[in-house]
Amino acid sequence: MKPPTFMSTLAVTAAALAAVLPLAGTAAATPQWPGHAHRTVTTADGDTFHLRLKAGPAVLPAGGGTVDVKGAGYNRAQGVFLAFCVIPEGVRVGDPSTYTALPGPCLGGRAAQDGSSRRITDTGTGTPGVTIPYEDGGRFRATLNLKPEISDGVVCGETVRCAIVTRADFTATNERLYDQYIPVHFASAGLAGQYK
């Protein structure tokens, strides 16, 4: 038996790629685009927390849509806001060393019916339906209703970059340990049907 030649190896490789590429194309036609964020933080008291955040879909129709969000590993002694905000200039998502500015502005409205933001805290205070308690393990889950226009002239994907964020609540506004970002994109009107 003769050893394989370069050309026969190339033919086998091309055939393997041809078999795989249609599958990749099929997956791309109906993307779920879930987003993930994680970081490990240590408080001034020396306690360490492994913060994990997941949201999806992270690509929405042009007019907006609903996103499911889950968090885990958060410090139950510190409340956080879960919101949809502008990513500050200088922040590089995934690099916590750049998380030096308060995320914002954020999508307005904290009424229970619009679902654009939540406060997660174990204090037992807050607005029913908007403020929710942590679950075991510093977990939480929520649904957010998002739209691209944060405020007049502030439009995600046009004038600013936007993300689902967590950050310390008003009890520690200047604390950046709990900042996490999952970027959200809005499809153009012609592509919106793919993401419903």
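Q: In what order do the strands of the open sheet run, and how are they paired?
A: Read a sheet from one edge to the other. In this predicted model, 5 strands line up as S7-S6-S5-S11-S12. The sheet is open, and its pairing is mixed.

Q: Which strands stand at the edges?
A: Look for strands with a single partner. Strand S7 (131-132) and strand S12 (180-183) each have just one, so one side of each lacks a neighbour in the sheet.

Q: In what sense do S6 and S7 pair, and over how many bridges?
A: Check the direction, then the bridges. Strand S6 (residues 118-120) pairs with S7 in the parallel sense, over 2 bridges. Ile-120 faces Ile-132 of S7 across this pairing.

Q: Which residues have the most contacts inside the largest nonpolar core?
A: Start from the core, then find its hubs. The core holds 34 residues, and Val-69, Phe-84 and Ile-164 have the most contacts inside it. Two or more residues each come from strands S1 (35-42), S2 (48-56), S4 (65-72), S5 (80-86), S8 (140-146) and S11 (162-168). A second, separate core has 8 residues, including Ala-83, Ile-87, Tyr-99 and Ala-163.

Q: What is Ile-164 in contact with, leaving aside neighbours within four places in sequence?
A: Set the sequence neighbours aside and list the rest. Among the partners of Ile-164 are Val-67, Val-69, Phe-84, Leu-144 and Ile-182.

Q: Where does pLDDT stay under 50?
A: Take the chain first, then the weak stretches. Mean pLDDT is 83, with 76% of residues at 70 or more. Residues 6-32 stay under 50, with 6 contacts beyond four places in sequence. Residues 189-196 also stay under 50, with 12 such contacts.

Key. Residues are numbered from 1 along each chain as its sequence is written. This is a predicted model: local features need pLDDT of at least 70, side-chain atom pairs count only at pLDDT 80 or more; totals for chains, interfaces and linings use all residues. Side-chain values use heavy atoms; hydrogens and water are left out. pLDDT is the predictor's confidence in each residue, from 0 to 100. Contact means heavy atoms within 4.5 Å. A nonpolar core is a set of buried Ala, Val, Leu, Ile, Met, Phe, Trp, Tyr and Cys residues joined through side-chain atoms within 4.5 Å. Buried means under 20% relative accessible area, exposed over 50%, partly exposed in between (1.4 Å probe, protein chains only). Helices (H or I, at least four residues) and strands (E, at least two) are DSSP runs, numbered from the N terminus. Two strands pair if DSSP finds at least two bridges between them.
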